Amino acid sequence: MENVLTVKNLKTYYPVNKGPNKFVKALDDLSFSIKKNQTIGIVGESGCGKSTLAKTLMGLEKRTGGEIYFGDKSFDDISSKERYGNIQMVFQDPLDSLNPRKKAWEIIADPLLINSNVSKDEALKKAKELMELVGLRPEGAHKYPHMFSGGQRQRLGIARALILNPKVLILDEPVSALDVSIQAQILNLLKDLQKKMGLSYIFISHDLSVVNYIADEILVMYLGKVSEYGPAEKVFKAPQHPYTKTLLKSAHISNNDEIKNFPKLKDAELPSPLNPPNGCSFHTRCPLATEECEKGLPNLDNKDGVQVRCILS
Ligand SMILES: Nc1ncnc2c1ncn2[C@@H]1O[C@H](COP(=O)(O)OP(=O)(O)O)[C@@H](O)[C@H]1O
Ligand SMILES: [Mg+2]
C-alpha cells in the first residue's frame, strides 16, 4: 500500500542568539512513513522535538533540511490550501486552542469558511453533522467552548480538524489534559473515526500507556533523533534501546522482567539540544553506557525489523 505521508531525513533547527552557527537541533535527521488507517506514536520526554515535528508537518515551522511527501507529491509542490485539506491538527488543550468568542459551530466550520465559499447555512449544517460524528449533540451548535466539558471540547477540536476531510491528523498530546476515564472515551472515538474515514494518525504523547492503546508503530525520540522505530507490538514486547526500556519501565505497563528490573537512569539532567553530548546523545544518562558510547553517534540499524540507534543492543 502507498504511503500517505513520508518524512525523509527531516531537520528543523532553531537559530539562537548565542553566536553564529548556533542552533537548537529540535529535529535532526528524522525519517518515517505512514499508510492509510495507520497510527504512528511519537514518544519522548518534554523538549525532544515532538511539537516541532507537528509544526513542521503543518507548515508552521520551516524545515532546515530533508523531504516531506504527501503520497508521491513533495510538500514544496502543493499549495498551503491543499496541505490544509490533507493534514490537520488536534491540540493538547482544547480550551487554549478554541476561540472563546466563537460558537461551537463557528469553531468547527472555520476551516471550511476559510477554504471554500460555502454559505453560512451550509457551514452550520456541515458543522452539526460533524458534531454528531464525534458524539456531540448538534443542539449545542450555538454554545460557546466554556459551556462544554474538557472531553466535549476535545471532541469539538476533533470535529474542526475533520471538517475538510483530511487524510492525516496530527494529534499533539490530545488526551494529556483529560481525566483518565475521559481519555479512554476520546481514544475510542479516535479509533472509530480512523476506521470510518480511513485516517492516518501521527499521535504524539509522552505517555506510553496511551500510545500502547492506539499505535501501530512507535517512534521513540531523544533530543531530536530517532532512538527506536518499529511495529508497536515488537517495541512494547521486546524494546531494544535502553531509552525505550527506561520509558517503558516508568510507564509500568510491561510484564517483562528485564524491563521491570532495568537499572535506573544516571542522575544527569536531560541535556540541552543546543549542546547535545558527543557520541550517543543518551550516554550521559544511560545506565549501560560504556566509553565506546561517547565516541561516535551510533547508526540507526535494522535489528529484527526495528530501527535501533545503540551499539549495545
Ligand atoms: N521557537 C523556538 N525557538 C528556539 N527553540 C525552540 C523553539 N521552539 C522549540 N524550541 C526548542 O526545541 C526543542 C524541542 O521543543 P518541542 O518541539 O516543543 O519539544 P516537545 O514538544 O517534545 O516538548 C526544545 O529544546 C525547545 O526549547
Ligand atoms: Mg510539545
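Reader: Which residue in β12 does Asp301 stand opposite?

Author: This is a predicted model. To read strand pairing, take the two strands first and then the residues facing each other. β11 and β12, the latter spanning residues 306-308, pair in the antiparallel sense over three bridges. Asp301 stands opposite Val308.

Reader: Where do β11 and β12 sit in the order of the sheet?

Author: A sheet is read by following its strands across from one edge. Here the order is β6-β7-β8-β3-β9-β10-β12-β11, an open sheet of eight strands with mixed pairing. β6 (87-90) and β11 (301-303) are the edge strands, each pairing on one side only. From one strand to the next, the twist averages 20°.

Reader: Which strands does α6 lie across, and at about what angle does α6 run to β6?

Author: For a helix on a sheet, name the strands and then give the angle between directions. α6 lies across β6 and β7 (168-172), and its direction is at about 170° to β6. Helix α10, residues 242-251, also packs on the sheet, where it touches β3 (39-43), β9 (217-222) and β10 (225-231). The direction of α10 makes about 105° with that of β9.

Reader: Which residues of α4 are buried, and what do they pack against?

Author: Burial is read residue by residue, and then the packing partners are named. In α4 (residues 104-115), the buried residues are Ala104, Trp105, Ile107, Ile108 and Ala109. Their packing partners are α5 (120-133) and α6 (150-162).

Reader: Why does Asn3 count as partly exposed?

Author: The class follows from a count of neighbours. A residue is buried if 20 or more other C-beta atoms lie within 10 Å of its own, and exposed if 12 or fewer do. Asn3 has 17 C-beta neighbours inside 10 Å, so it counts as partly exposed. Asn3 belongs to strand β1, residues 3-15. Apart from neighbours within four places in sequence, Asn3 is in contact with Ser33, Ile34 and Lys35. Between Asn3 and Ile34 the C-alpha to C-alpha distance is 5.5 Å, with 31 residues separating them in sequence.

Reader: Which residues are around ligand 1, and which element supplies the largest share of the shell?

Author: A ligand shell is read as a list, then by element and by residue class. The residues around ligand 1 are Tyr14, Val24, Ala26, Gly44, Ser46, Gly47, Cys48, Gly49, Lys50, Ser51, Thr52 and Pro273. β2 (23-35) and α1 (50-57) each supply at least two of the shell residues, and the largest share, three residues, comes from α1. By class, the shell holds five nonpolar, six polar and one charged residue.

How values were computed: Residues are numbered from 1 along each chain as its sequence is written. Chains are lettered from A and ligands numbered from 1 in the order in which they are written. This is a predicted model: local features need pLDDT of at least 70, side-chain atom pairs count only at pLDDT 80 or more; totals for chains, interfaces and linings use all residues. A residue is near a molecule or strand if its C-beta atom, placed from the backbone, lies within 6 Å of it. Helices (H or I, at least four residues) and strands (E, at least two) are DSSP runs, numbered from the N terminus. Ala, Val, Leu, Ile, Met, Phe, Trp, Tyr, Cys and Pro count as nonpolar, Asp, Glu, Lys and Arg as charged, and the others, Gly among them, as polar. Two residues are in contact if their C-beta atoms, placed from the backbone, lie within 7 Å. Two strands pair if DSSP finds at least two bridges between them. Axes are lines fitted to C-alpha atoms, for helices over the stretch in contact, and angles run from 0 to 180 degrees between N-to-C directions.
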